Amino acid sequence: MNEHEERQDQSGEEAQVSPGATLDAAGVPEAAIPELVIISGMSGAGRSTAAKCLEDLGWFVVDNLPPALIPTMVELGARSQGNVARIAVVVDVRGRRFFDNLRESLADLEAKHVTRRIVFLESSDEALVRRFESVRRPHPLQGDGRIVDGIDAERELLRELRGDADLVIDTSSLNVHELRAKMDAQFAGEEEPELRATVMSFGFKYGLPVDADLVADMRFLPNPHWVPELRPFTGLNEEVSAYVFNQPGAKEFLDRYAELLRLIAAGYRREGKRYVTIAIGCTGGKHRSVATSEKLAARLAAEGVETVVVHRDMGRE
């Protein structure tokens, strides 16, 4: 009897094999284990937006699922005959009485060889306070205290999970569309470009971007801030860009850094990393870092890397 005949059921009809499923020793289709993404992070940092983005990409999304039920959700997806191939679960402090079960659930998933990724949404205290105040809602953990007390408690509760995250996204300076672009870059289908990059300018005086994979410091170049006719402008203006790249070492830096990024990008592709954030800093994030970010992003785009440019601190001074 050949394989085709072995796979026919008792009624003589051929068994249907779900996409992604395999056959056991008897030729019977095995359940395909769904891909799993766990979305967590700070309240107010954009978990709902991230979840909605995955839903738009065709993921089956479950909001505020108790962690103990995650393995059960995966098992149900495996029984769906390929209809639920990708599951996203939002886990947050609203389910804090269940949160202690998360570590056990993750260990269970690992034992069952479930492919899972953790996305952690981060944001600065200042941004989170501003967002809670704008909607006039209390932080879920603040109790009788202040919003910042709730934020501190939540950071401590999520500290270990943040350390285990596969992707950390800092939404402090991102709008909804920019966050969706980051999620699209990470989770869109294989037909999308292999590697996607965010090139972010920033000011060192406002702090390092917490989600940066690579950081470059442009403070070795003269600051246009001290040129009176350039001070009002930004690195987006041609006058400022020309001033920056006419300085000794500026063009050489761009050439060599772009060459270094080609080497790093090749390694990222080999390791299956599909998203990278490149932070370019100067003192205030207005002139040198902005001009360099624009030039570098153009180089990356010309080499086939899907690139988004974010100027985090421009306009803050």
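Okay, let's start with a pair of side chains: lysine 52 and glutamate 55 meet in a salt bridge, 3.6 Å from N to O. These two sit three residues apart in helix α2, residues 47-56, which means they are separated by about one helical turn. Before I go on, please keep in mind that this is a predicted model. How exposed is each partner? Lysine 52 is partly exposed, at a relative accessible area of 43%, and glutamate 55 is partly exposed too, with 41%.

That pair also belongs to something wider. Lys52, Glu55, Asp56 and Arg180 are linked in a network of salt bridges. Across the structure, the count of salt bridges comes to 21. As a reminder of the chemistry, side chains of opposite charge can pair when their charged atoms come close.

Let me show you two others. Arginine 103 and aspartate 164 form a salt bridge through their side chains, with 2.6 Å from N to O. Here the pair links distant parts of the chain: arginine 103 is in helix α5 (residues 102-111), aspartate 164 is in helix α7 (residues 147-164), and they are 61 residues apart. Arginine 103 counts as partly exposed at 40% relative accessibility, and aspartate 164 is partly exposed at 31%.

Then there's aspartate 313 with arginine 316, a salt bridge at 3.0 Å, N to O. Is each of these two buried or partly exposed? Aspartate 313 has 0% relative accessibility, so it counts as buried. Arginine 316, at 41%, counts as partly exposed.

Hold on to arginine 316, please. The charged end of arginine 316 also sits over the ring of tyrosine 206, 4.0 Å from the ring's centre. And there's another arginine over a ring elsewhere: arginine 219 lies over the face of phenylalanine 204, 3.7 Å from the ring centre.

Now, pockets. I'll take the second largest one before the largest, since we already have arginine 316 on screen. The second largest pocket holds about 300 Å³ of space. It is lined by 18 residues, and the closest to its centre are Ser124, Ser172, Tyr206, Arg312 and Arg316. So the tyrosine and arginine of that ring contact turn up again here. Which element gives the largest share of this lining? That's α6, with three residues. By class, the lining of the second largest pocket divides into five nonpolar, five polar and eight charged residues.

On to the largest pocket, with a volume of about 500 Å³. Two elements give two or more residues to its lining, namely α2 and α6, the latter spanning 125-135. α6 gives the most to the lining of the largest pocket, with four residues. There are 17 lining residues in total, and those nearest the centre are Ser43, Gly44, Arg47, Phe132 and Arg137. Sorted by class, the lining of the largest pocket has six nonpolar, five polar and six charged residues.

What about closed spaces? Searching the whole structure for cavities of 30 Å³ or more turns up one. The volume of that largest cavity is about 60 Å³. α10 (250-270) and β8 (275-282) are the elements that give two or more residues to the cavity lining, and α10 gives the most, with four. Among the lining residues are Leu261, Ile264, Ala265, Tyr268, Val276 and Ile278. How does the cavity lining divide by class? It has 11 nonpolar residues, no polar and no charged.

Last topic: aromatics. The structure holds four aromatic pairs. Take phenylalanine 220 and phenylalanine 253: their ring centres are 5.7 Å apart and their planes are at 55°, so this pair is tilted. Again we have a link between distant parts of the chain, with phenylalanine 220 in the loop between β7 (214-217) and α9 (238-245), phenylalanine 253 in helix α10, and those positions 33 residues apart. Phenylalanine 220 is partly exposed, with a relative accessible area of 44%. Add Tyr257 to Phe220 and Phe253, and you have one aromatic cluster.

Okay, that's my tour, and I'm happy to go back to any view.

Note on methods. Residues are numbered from 1 along each chain as its sequence is written. This is a predicted model: local features need pLDDT of at least 70, side-chain atom pairs count only at pLDDT 80 or more; totals for chains, interfaces and linings use all residues. Side-chain values use heavy atoms; hydrogens and water are left out. On a 1 Å grid over the protein atoms alone, a cavity is a set of points where a 1.4 Å probe fits but cannot get out, and a pocket is an open set with protein on both sides within 12 Å along at least five of seven lines; lining residues have an atom within 4 Å of a point. Grid points are joined across faces, edges and corners, and a volume is the space filled by probe spheres set on the points. Ala, Val, Leu, Ile, Met, Phe, Trp, Tyr, Cys and Pro count as nonpolar, Asp, Glu, Lys and Arg as charged, and the others, Gly among them, as polar. A salt bridge is a side-chain nitrogen of Lys or Arg within 4 Å of a carboxyl oxygen of Asp or Glu. Buried means under 20% relative accessible area, exposed over 50%, partly exposed in between (1.4 Å probe, protein chains only). Rings of Phe, Tyr and Trp (its six-membered ring) pair if their centres lie within 6.5 Å; planes under 30 degrees apart count as stacked, over 60 as edge-to-face and the rest as tilted. A charge sits over a ring if NZ of Lys or CZ of Arg is within 6 Å of the ring centre and within 35 degrees of the ring normal.
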